[in-house]
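Visitor: I would like to see the reasoning behind the labels. Could you show me the structure and take my questions one by one?

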Amino acid sequence: EERVRPLRNSDMDVMPQAELQTPEAVVTTLREVTRADRVYAVALDAAGELLVVGGRDKRVAVYNVTSGDLLWEVQDADFIYTVTIAADGSYVALGGMAKSVTVCSVKTGQRSLS
């Protein structure tokens, strides 16, 4: 089952000391995404508003970091090992075991190049 919840300060206890120095205001905006299978790739857009997640379940999903809402997801042919967001925030690229790169619209998830 997939769920999204805000991270709490107690969640940070398992992180190395250097990462505990994150300002409180930033910690309260972080989200945790729980997936049904292993996560191999994550990316945040430059504004920190979108989170892209891909992995063993062959799905790439885009979440709104502030609300935690799932905006869209696409199924690929095989495991996803890498995801990235274009500098202008308009596209998501994903790649993995399928030996191909797929480019999707950030807004809709529609594949524009595969």
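Visitor: Which residue in S8 is the bridge partner of Ile85?

Guide: Val92 is the bridge partner of Ile85. Keep in mind that this is a predicted model.

Visitor: How do you know that S7 and S8 pair?

Guide: Two strands pair if there are at least two bridges between them. Strand S7, residues 80-85, is joined to S8 by 5 bridges. The cut-off is met, so they count as a pair. They run antiparallel.

Visitor: What lies between S7 and S8 in their hairpin?

Guide: There are 5 residues between them. Gly89 sits in that turn, with a positive phi of about 75 degrees.

Visitor: What makes S8 and S9 a pair?

Guide: Apply the cut-off of at least two bridges again. Strand S8, residues 91-96, shares 5 bridges with S9, in the antiparallel sense. So S8 and S9 pair. Tyr91 stands opposite Ser105 in S9. These two strands also form a hairpin, with 4 residues between them. Lys99 in the turn has a positive phi of about 60 degrees.

Visitor: Why is S9 called mostly covered?

Guide: Count the buried residues. Strand S9 spans residues 101-105, and 4 of its 5 residues are buried. Buried means under 20% relative accessible area.

Visitor: Why is Phe79 called buried or exposed?

Guide: Its relative accessible area is 19%. The limit for buried is under 20%, so Phe79 is buried.

Visitor: And what about Tyr81, buried or partly exposed?

Guide: Tyr81 has a relative accessible area of 38%. Partly exposed lies between the 20% and 50% limits, so Tyr81 is partly exposed.

Visitor: What makes Phe79 and Tyr81 an aromatic pair, and of which kind?

Guide: Take the distance, then the angle. The ring centres are 6.3 Å apart, and the limit is within 6.5 Å. So the rings pair. Their planes stand at 80 degrees, and over 60 counts as edge-to-face. The pair is therefore edge-to-face. The structure holds 3 aromatic pairs. Ring pairs link Tyr40, Phe79 and Tyr81 into a cluster.

Visitor: Which strands are the edges of the open sheet S3-S4-S5-S6?

Guide: The edge strands are S3 (39-44) and S6 (70-75), as each pairs on one side only. The pairing in this sheet of 4 strands is antiparallel. One of its pairings joins S5, residues 59-64, to S6 over 5 bridges. There, Ala61 has Glu73 in S6 as its bridge partner.

Visitor: Where is the prediction's confidence highest, and where lowest?

Guide: Confidence is highest in S7, at 95, and lowest in helix H1, residues 24-27, at a mean of 50. The mean pLDDT of the protein is 79.

Technical notes:
Residues are numbered from 1 along each chain as its sequence is written. This is a predicted model: local features need pLDDT of at least 70, side-chain atom pairs count only at pLDDT 80 or more; totals for chains, interfaces and linings use all residues. Side-chain values use heavy atoms; hydrogens and water are left out. Buried means under 20% relative accessible area, exposed over 50%, partly exposed in between (1.4 Å probe, protein chains only). pLDDT is the predictor's confidence in each residue, from 0 to 100. Rings of Phe, Tyr and Trp (its six-membered ring) pair if their centres lie within 6.5 Å; planes under 30 degrees apart count as stacked, over 60 as edge-to-face and the rest as tilted.
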